[in-house]
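Biologist: Could you take me through this model? I'd like to start with what counts as buried or exposed.

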Amino acid sequence: MNTLLDAVRTGRCTLVTHLITRLTDAERRAHLPELTALRAEIRTWDWSRRWDAEPTLRALHLA
């Protein structure tokens with residue numbers, strides 16, 4: 001699986017920062033569809049799950 005997406009899903013902001021800074025602009029753009037899909041997925045979660053997913057949301061915004 002994708003290391004960046006795994007880091008975002010687990011809410012590991014420090015790792016997300018480390019991974020993002022090493023990517024080229026083209027590589028960052030290549031991750032956009034996956035991150036957009038995760039954002040859409042999170043929007044379908046009920047409020048209780050979203051509340052528990054705060055670290056994931058922070059990492060997603062960072063990415």
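Modeller: Buried means under 20% relative accessible area, exposed over 50%, and partly exposed in between, with a 1.4 Å probe and protein chains only. The model is predicted, so local features need pLDDT of at least 70 and side-chain atom pairs count only at pLDDT 80 or more, while totals for chains, interfaces and linings use all residues. Residues are numbered from 1 along each chain as its sequence is written, and side-chain values use heavy atoms, with hydrogens and water left out.

Biologist: Which residues of α5 are buried?

Modeller: In α5 (helices are DSSP runs of H or I, at least four residues, numbered from the N terminus), Thr56, Leu57, Ala59 and Leu60 are buried. They lie on the same side of α5 because they cover an arc of only 165 degrees around the axis, taken from the directions from the helix axis to the C-beta atoms. Arg58 and His61, on the other side of α5, are exposed.

Biologist: And what covers the buried ones?

Modeller: The cover includes α1, α2, α3 and α4 (47–52), where contact means heavy atoms within 4.5 Å.

Biologist: Switching to Val8, what does that touch?

Modeller: Leaving aside residues up to four places away in sequence, Val8 touches Val16, Leu35, Leu38, Thr56, Ala59, Leu60 and Ala63.

Biologist: Which residues of α2 and α5 make their contact?

Modeller: α2 passes α5 in a right-handed crossing, meaning that the near helix is turned clockwise from the far one by less than a right angle. Cys13, Val16 and Thr17 of α2 make the contact with Arg58, Ala59 and Leu62 of α5.

How values were computed:
Helix = DSSP H or I, 4+ residues; strand = E, 2+ residues; numbered from the N terminus.
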